Amino acid sequence: MNRSQSPVVRPTRHRAVTVVAALAACIATVASAADWPKFKPGQWQFDRSIEGTSPQPQKLSKVECVDPTEKNRQQRAMLTQAGCQFTPVVEKGSTYTYSATCKVGGMSSTSRSTLVVDGNEAYTVTIDSETDGVKTHEVLTARRLGDCPK
């Protein structure tokens with residue numbers, strides 16, 4: 001088979017769900033800067049559990065030096081530019097809720113996020129999403145470990 005006859009590779013449903021799960025991961029921490037609590041920059045650990053993208057829950061962890069408040073602002077700008085729309089954040093004590101609707105790459109996704117803040121050095125976000133009929137449930141736990149290594 002020559003190049004002009006190569007088969008067209010189409011994304012599988014699993015790949016599409018994985019892409020949307022990645023999008024949902026970005027949405028997980030996105031709210032408007034005015035509504036978002038301020039977190040202390042430094043070295044943070046992020047532990048994420050995602051259900052609905054595979055038979056078994058996926059667990060991901062990473063440690064990075066970051067300013068979570070600034071990262072949130074950047075992610076929101078990127079997702080807004082990509083076509084996502086966000087509801088206003090509703091704050092009740094240390095709990096923040098908001099929703100997002102995205103239409104990216106021919107797929108539609110809606111999510112509802114609940115952020116529970118534990119001071120300026122820890123938070124947990126729970127996200128329930130649906131993308132083209134596939135539901136996912138994600139929990140992201142973030143905590144500051146200390147200052148960034150020098």
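**Figure 1. Cys148 and Cys65, two partly exposed cysteines.** In this predicted model, Cys148 has a relative accessibility of 31% and therefore counts as partly exposed. Cys65 joins Cys148 in this view: its relative accessible area is 41%, so Cys65 is partly exposed too. The class covers values between 20% and 50%, which is why these two residues are called neither buried nor exposed.

**Figure 2. The disulfide between Cys84 and Cys102.** If you search the whole structure, you will find 1 disulfide. It is formed by Cys84 and Cys102, whose sulfur atoms sit 2.0 Å apart. The link is right-handed, with 120° about the S-S bond. Cys84 comes from the loop between H2 and strand S3 (85–86), while Cys102 belongs to strand S5 (residues 95–104), so the bond ties together parts that are 18 residues apart in sequence. Both ends are hidden from the probe's reach: Cys84 is buried at a relative accessible area of 4%, and Cys102 is buried at 1%.

**Figure 3. Arg144 and its polar partners.** Here we look at Arg144, which is part of strand S8 (residues 134–146). Its relative accessibility is 12%, and because buried means under 20%, Arg144 falls in that class. Two polar partners are worth picking out on screen. The side chain of Arg144 makes a polar contact of 2.7 Å with the side chain of Asp147. A polar atom of the Arg144 side chain also lies 2.8 Å from the backbone oxygen of Pro41. Leaving aside residues up to four places away in sequence, Arg144 touches the run Lys40, Pro41, Gly42, Gln43 and Trp44, along with Glu121.

**Figure 4. Asn72 in helix H2.** This view moves to helix H2 (residues 68–82), where Asn72 is found. With a relative accessibility of 1%, Asn72 counts as buried. For a companion in space, turn to Trp36: the two residues are 36 positions apart in sequence, and their C-alpha atoms are 8.5 Å apart.

**Figure 5. The whole chain, for orientation.** Stepping back from the close-ups, the protein chain holds 2 helices and 8 strands. Following the sequence, these elements come in the order α-β-β-α-β-β-β-β-β-β. The chain has 150 residues, and 38% of them count as buried. Its accessible surface is about 8,900 Å², with 53% of that belonging to carbon and sulfur atoms. Among contacts with a separation of 6 or more, 50% are between residues 24 or more positions apart.

Key: Residues numbered from 1 in each chain as written. Predicted model: local features only at pLDDT ≥ 70, side-chain atom pairs only at ≥ 80, totals over all residues. Heavy atoms only, no water. Helix = DSSP H or I, 4+ residues; strand = E, 2+ residues; numbered from the N terminus. Buried < 20%, exposed > 50% of the residue type's maximum accessible area, 1.4 Å probe, protein only. Polar contact = N/O pair within 3.5 Å; in protein donor to acceptor, adjacent residues only side chain to side chain. Contact = heavy atoms within 4.5 Å. Areas by Shrake-Rupley, 256 points an atom, 1.4 Å probe, with all protein chains shown as cover. Disulfide = S-S within 2.5 Å.
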